[in-house]
Amino acid sequence: MRAVVLSDQLVVSNNWPEPVIKAGQALIRIRRVGICNTDLELIKGYMNFRGILGHEFVGEVIDGPSEWKGKRVVGEINVTCGHCDMCRRGYHTQCRNRVTVGIDRHDGAMSDLMALAVANLHAVPDTVSDDHAVFVEPLAAALQILECEPISPNAEVVLVGAGKLGLLCAQVLRLTGIRVRAVVRRPQVAELLLKWGIEPVQTDDLPRRHADVVIDCTGTREGFDTALGLVRPRGTIHLKSTYTGLPQADLTRVVVDEIRVVGSRCGPFPVALRLLERGLVDVESMIAARYLLDNAQNALEHAAEPGTLKVLLDL
């Protein structure tokens, strides 16, 4: 089968071995995959990942339990043990023995076929297109902001890092009636935000140490510094992106001003599917380009260009 494989270098193979499903798994024929910033960081060495890339996908079950055959599905990325203390408490995304699809010791979806635990699957409604379904995983991650830290509708919220994930976070927060202002650097992003009724701003336009909540989607030291400069004493910074390396930060400011720092990663797939089914989140406008799997190398290079929104791989 075809597969985008990361080993000592990135290879688009035409004869990679097909996966063999085990008990409790389904075999999925992949239809579409979204390229995420995490994929780009993995190529640079993040997590020392070796295997098939890709974790934002939609596909069709072609083998496995009969009740799943023929269904169009998306899949959660955390493959868990089900019996550790975190799993028993219901914190499955924090399973102590988890592996992560396309990120950590589990092959991903940039291939013709993928094996995945049935427990991770969610059926896609007929009214949600393949293009839209690949956004379920990052949209669920955006929704996790509200799962981890309830935000008052009266809160002053600023979002830093209005890229692919940041734009989904801004739309999710807008649905609650919260006033969201998003720091932007590119006119294309400002136009999208205005279309959605979200206010684009420059950092210099915002008062210092005034925001109740700052959502940092940058994954950079500079982004966290900006968030620290905007959040008020006893305010909250919500981190939505992983960091490469070990960035320095002014933690004294966190202590003295009693700032809460909250991190979150994966979120509720059923809610994300419901938002897409009802057309409450615009993902169509975020699609920048699409490529066939055979041109995955070009697709990944395009996705790595600054300011590029979602690039899709069509299988």
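Here is a quick tour of a few spots in this structure. It's a predicted model, where local features need pLDDT of at least 70 and side-chain atom pairs count only at pLDDT 80 or more, while totals for chains, interfaces and linings use all residues. Residues are numbered from 1 along each chain as its sequence is written, and side-chain values use heavy atoms, with hydrogens and water left out.

**The cores**
- The largest nonpolar core (buried Ala, Val, Leu, Ile, Met, Phe, Trp, Tyr and Cys residues joined through side-chain atoms within 4.5 Å) has 48 residues, and Leu167 and Leu193 have the most contacts inside it.
- Among the elements that each supply at least two residues of this core are helix 5 (164-175) and helix 6 (187-195); helices are DSSP runs of H or I with at least four residues, strands are E runs of at least two, and both are numbered from the N terminus.
- Apart from that core lies another, of 41 residues, including Ala26 and Leu300.

**Around Asp104**
- Asp104 sits in the loop between strand 8 (99-101) and strand 9 (105-106).
- Asp104 counts as buried because its relative accessibility is 17%; buried means under 20% relative accessible area, exposed over 50%, and partly exposed in between, with a 1.4 Å probe and protein chains only.
- Leaving aside neighbours within four places in sequence, Asp104 is in contact (heavy atoms within 4.5 Å) with Met47, Phe49, Arg98 and Val99.

**Charges over rings**
- The charged end of Lys71 sits over the ring of Trp68, 5.2 Å from its centre; this takes NZ of Lys or CZ of Arg within 6 Å of the ring centre and within 35 degrees of the ring normal.
- Lys310 lies over the face of Phe135, 5.9 Å from the ring centre.
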